[in-house]
Each structure stands twice: as structure tokens, then as C-alpha cells.
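Student: I would like to go through the pockets and the ligand site of this model. Please set each value against the definition behind it.

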Amino acid sequence: MTSFDFMSLAHSGVQHLKPYQPGKPMAELERELGISNSLKLASNENPLGASPKAVEAIINAANGVEIYPDGNGFQLKQALAEKLSVEAAVITLGNGSNEILELLARVFLWPGKNAVFSQHAFAVYPLVTQAVGAELRIADALPDSHAQPYGHDLNAMLSLIDENTGLVFIANPNNPTGTWITESELREFLQQVPEHVIVVLDEAYCEYVQMSEYPNGVFLMREFDNLLVTRTFSKIYGLAGLRIGYGISNAAIADALNRARQPFNTNLLAQVAAVAALADDEFVVKSCEVNNQGLALIENELLDRGLPCIPSVGNFISFMTKRPAADVYNALLRETVIVRPIDNYGFPNGLRVTIGNAEQNKIFLTALDQVLHD
Ligand SMILES: *Cc1c(COP(=O)(O)O)cnc(C)c1O
């Protein structure tokens, strides 16, 4: 064996990358504790499962998996185009919307260019930026006292944009803060962003948001050519395990992204499931209802226990613990409940919990009480 440092061969952005920390898998906790009934509220998955129509479509398609998928995703793009009233040519399909974020970085960033995003923003933005050797420009978040505490400060972001800026990432709502940006705030921001800068509006949770002032990025694209919206089937549609998401942009940006992607980046089962899920309005409505009830409940219960939380419009909420969050996280694991530490997001005393169904929320709160009283 040589002692050659192979990591030193990687470009410096990669050498300094801190890998993404996913939620702890249930099977892992169950192996560790020798149990079989853990509860994962760590990755903002849908507590109702997947859309039943999508599951049926997967079963029906399972016998055809010896065939490559349609590399162009014709059916899914048609279904999306119809649903969103756009042309199919403006859509880029991705292996999760995460892949769209990565493609954007690969296509529009390189050493010497920079990407602008907010402190406490979704962890994938710095990852994809650093992985291509571009500069990270991180704007201070809104203060604790703001109506959107720790949310994106669009003016601060604007002031970091220069001639080398390739991308601006905005999560609306943001994960893990659950904070959101109104239509008028977003429009005012977009009016000031130079046209050479692509604004990536990440709408992974948009289907959950019911505020009247919440913008629809796809409508705003009619006004702003440099706006790109990402959405996913991982959250409200309950298809996180399949990895399917998409970007919507002007056709030239979509063309560039589609040139750079793998020929068969989205798989056959994901494509048919997404088409079926898209038609399952009933499942989306139900998921939203369950989330609204659970979100209000969890927020109240956390506040009742003296745990400050960041008001959220997503299917998760972040809250602050009074002792180191790692202790509370580990104690919850021993109660068989998996939540998500958010120290890597700049909240060393914070935990994020996904809103579950009524029964799961009760299990979480009971476990939390147990932990807080220990
Ligand atoms: C979960 C999430 C995504 C995307 O997830 P995919 O499963 O890759 O589609 C994107 N953005 C944010 C803010 C998220 O929380």
C-alpha cells in the first residue's frame, strides 16, 4: 500500500467539501437499537406515504424495466406542460430536483464565477457551488426579531451580485427555516437582478403553502426570463425514494441543462409514477390538510413546552432546545424517534422535525416529553 494522498488530486473545492448529512435511515437506528418500529421525522417525507395512483403505476410498469427509460421523458413532460400551462421545451427533468441544482452549477458556474444565497439556506446550494470550484457568496439572514426570523434577506443578497455571479439560489419556503418570501418582495428583487444572473427559485414545498401573498414562480417566469423554478415529487407527492424532480425555465436555459445531463437521468418507474401522481389531486389535498393540522399542533405544543420555533409554512418546523441539540437528538433516538439536527445550518441548538400524521405527531410529542423530563 502506498501512502499517497489521493484526495490531494481532487480539485480544491471538492477537497474542502463537507458531505451532505442525510436524515438517519430507520433501518440503521433499528439495527443499532435492536428494534423494529422506529419513527423517522427527519427528511420531510410524506406521512401519508406515496400517492396510491403512483404506486399502482409503478407496479404496472415493473415488468418493463429491462427497457431503457425514455431519455427525454416525453409523457411526464407532456403531463407537466399541461398542468403548468407551459411548453414541454421549458422543462428539464432531474433525478430529484437536487439534480437540477447540480446541473445548474455544472452549466453556469466555474472557477472565477460565484453563486449567491442566504445564510441558513438549503445545504445543497453551497455543495453544488463548491463542487465546481465557484465562489460561495453568503448573505446574512434576516434577524431573529423579523417576521421571517432567519429568513432570506433579499436586499443583502442583491448587494452580493456582481458581473461574475452566475446563479442566485432562493428557497421559497426555505428548508430548514420554513420562512417564505411574498410575491411583491420577490418581484421587486427580480426587477433589480441583472439579466445575466439566473435566479433559481426552489419551490420544493410550494404545494403546502396557502398564504395568499405566496408567489407562483411559474407565473413569474412570464415576466422574468432569467428565472428558473425547481419543483419535486419527493415531498407532497410522497415519491422521495424514486428521485424525480424538474426545472422550469426559458427554453434556452432548459436546452443548456438538457445537453449536460446524463442521457437517462430519470428512471422508468419514476417517470410513470410522477405522471400518475400529478393526476392525483385528491392525495395532494389530503396531504395538505394533514400537514396544516399537524403543523399548527406541533408549533403550539413546542411553544407550550417553552421551545422557541421558527414559524414555518412547510411540512417541517425547526425549534430551539435549551440544552445542546445533539443531546436532545440522541435522547430522542433512544425513544426511537429520528429528527434532524441543524447545527450544520448554523443552529447549534436547533432541531428540525417533519410534520407527521396525527399518530406520529403524538409519538413525537410523547418522546419529547420523556426526553425533556429526563
Ligand atoms: C427536499 C428539498 C429539495 C429536493 O429534493 P429532491 O428529493 O432532490 O427533489 C430541494 N430543495 C429543498 C429546499 C428541499 O428541502
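Student: Which element gives the most to the lining of the second largest pocket?

Tutor: The model is predicted. In it, H6 gives the most to that lining, with 3 residues. The second largest pocket has a volume of about 420 Å³. Lys-18, Ala-123, Pro-126, Leu-127 and Asn-344 are the closest to its centre, out of 21 lining residues. Two or more residues of the lining come from each of strand E3 (114-118), H6 and strand E4 (135-139).

Student: How do you know how the lining of the second largest pocket divides by class?

Tutor: Each residue type has a fixed class; Leu and Pro count as nonpolar and Lys as charged, for example. On that basis the lining has 12 nonpolar, 8 polar and 1 charged residues.

Student: Which pocket does the ligand take up?

Tutor: The ligand takes up the space of the largest pocket. A molecule sits in a pocket if more than half of its atoms lie within 2 Å of the grid points. The volume of the largest pocket is about 640 Å³.

Student: What lines the largest pocket?

Tutor: The lining has 31 residues, and those nearest the centre are Tyr-20, Asn-98, Phe-122, Lys-235 and Arg-243. Helix H5 (97-108) and helix H6 (124-131) are the elements that give two or more residues. H6 gives the most here, with 5 residues. By class, the lining of the largest pocket has 16 nonpolar, 8 polar and 7 charged residues.

Student: What makes a residue count as being around the ligand?

Tutor: One of its heavy atoms must lie within 4 Å of the ligand. The residues around the ligand are Gly-96, Ser-97, Asn-98, Phe-122, Asn-175, Asp-202, Ala-204, Tyr-205, Thr-232, Ser-234, Lys-235 and Arg-243. They divide into 3 nonpolar, 6 polar and 3 charged.

Student: Why is the pair between Ser-234 and the ligand called a polar contact?

Tutor: The cut-off for a pair of N or O atoms is 3.5 Å. An N or O atom in the side chain of Ser-234 is 2.5 Å from an oxygen atom of the ligand, so the pair meets the definition. For Asn-175, a polar side-chain atom lies 2.8 Å from a ligand oxygen. For Ser-97, a backbone N or O atom lies 2.7 Å from an oxygen atom of the ligand. Both pairs are therefore polar contacts as well.

Student: How much of the ligand does the protein cover?

Tutor: The protein covers 93% of the 390 Å² of accessible area that the ligand has on its own.

Student: What makes a space a cavity and not a pocket?

Tutor: In a cavity a 1.4 Å probe fits but cannot get out, whereas a pocket is open. The structure holds 1 cavity of 30 Å³ or more. About 40 Å³ lies in the largest cavity. Its lining includes Asn-46, Tyr-208 and Ile-355. That lining divides into 4 nonpolar, 4 polar and no charged residues.

Student: Where are the cis peptide bonds to Pro-173 and Pro-176?

Tutor: Pro-173 is in the loop between strand E5 (165-171) and helix H8 (183-192), and Pro-176 is also found between E5 and H8. The bond between Asn-172 and Pro-173 is cis, with omega about 0 degrees. The bond between Asn-175 and Pro-176 is cis too, with omega about 20 degrees.

Methods. Residues numbered from 1 in each chain as written. Predicted model: local features only at pLDDT ≥ 70, side-chain atom pairs only at ≥ 80, totals over all residues. Heavy atoms only, no water. Polar contact = N/O pair within 3.5 Å; in protein donor to acceptor, adjacent residues only side chain to side chain. Areas by Shrake-Rupley, 256 points an atom, 1.4 Å probe, with all protein chains shown as cover. 1 Å grid on protein atoms, 1.4 Å probe; cavity = no way out; pocket = protein on both sides within 12 Å on 5 of 7 lines; lining within 4 Å. Points joined across faces, edges and corners; volume = space filled by probe spheres on them. Helix = DSSP H or I, 4+ residues; strand = E, 2+ residues; numbered from the N terminus.
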